[in-house]
Amino acid sequence: MLWRRLSPSLLLRLILLGNMTIRATPHLDWQLLTKRIGNVPKLLPADWGDGYPNVWLGASIVTQEEAERDITKLLAIPAAVHFVSLEPLLSAVDLVQMHN
């Protein structure tokens, strides 16, 4: 993957550029979707607080095991809106069971 070949300093600059772009466009809603939701807290900007009002934060889930592991992590991160993307769905995922 391209991301794995980027130097840490270049990756950090890309993340900072993304944060600057999001802050500069409050009239747009941004959906940030990741497969690695556990990495998100260390990448958030210092002024994230309870999340930016125009940012939706999501996790990509493909199995029940991932749902049980990652949805808890997702919900622990402050955000205006949380969402999950169930694709490619490799097995049945019971979100109702997790809610109870």
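Select F83 to begin: with a relative accessibility of 18%, F83 is buried, because buried here means under 20%. The model on screen is a predicted one. F83 belongs to strand 3, which covers residues 81-85.

Keep F83 selected and show what surrounds it. Which residues does F83 contact, apart from its neighbours within four places in sequence? They are Q31, L32, L33, W56, L57, G58, A59 and L74. Now add A59 from that list and draw a distance between the two C-alpha atoms. A59 and F83 are 24 residues apart along the chain, and their C-alpha atoms are 6.7 Å from each other.

Zoom out to the whole chain for the next stop. How many of the contacts with a separation of 6 or more link residues 24 or more positions apart? The share is 73% in this protein chain.

Switch to a cartoon view. The protein chain has 4 helices and 3 strands. Followed from the N terminus, the order of elements is α-α-β-β-α-β-α. The C-alpha trace spans about 40 × 30 × 20 Å along its principal axes.

Return to strand 3 and move along to the loop that leads from it to helix 4; P88 sits in this loop. Select E87 together with P88. Is the peptide bond between E87 and P88 cis or trans? The bond is cis, with omega at about -15°. For background, most peptide bonds are trans.

Continue to helix 4, residues 95-99, and pick L95, which is part of that helix. L95 has a relative accessible area of 33% and is therefore partly exposed, a class that lies between the 20% and 50% limits. Add L86 and L89 to the selection. Together with L95, these residues make a nonpolar patch on the surface. The accessible area of the three, taken together, is about 230 Å².

Turn on the surface of the whole chain. About 6,900 Å² is exposed, and carbon and sulfur atoms supply 62% of that area. Of the 100 residues in the chain, 30% are buried; F83, the starting point, counts as buried.

Last, colour the chain by charge. The protein chain carries 9 positive and 9 negative charges. How far apart are the mean positions of these positive and negative charges? They are separated by 14 Å.

Conventions:
Residues numbered from 1 in each chain as written. Predicted model: local features only at pLDDT ≥ 70, side-chain atom pairs only at ≥ 80, totals over all residues. Heavy atoms only, no water. Helix = DSSP H or I, 4+ residues; strand = E, 2+ residues; numbered from the N terminus. Buried < 20%, exposed > 50% of the residue type's maximum accessible area, 1.4 Å probe, protein only. Contact = heavy atoms within 4.5 Å. Areas by Shrake-Rupley, 256 points an atom, 1.4 Å probe, with all protein chains shown as cover. Lys, Arg positive; Asp, Glu negative; His and termini not counted. Charge placed at Lys NZ, Arg CZ, Asp CG, Glu CD. Patch = residues over 30% accessible without salt bridge, like charges linked within 9 Å, V, L, I, M, F, W, Y side chains within 5 Å. Salt bridge = Lys/Arg side-chain N within 4 Å of Asp/Glu carboxyl O.
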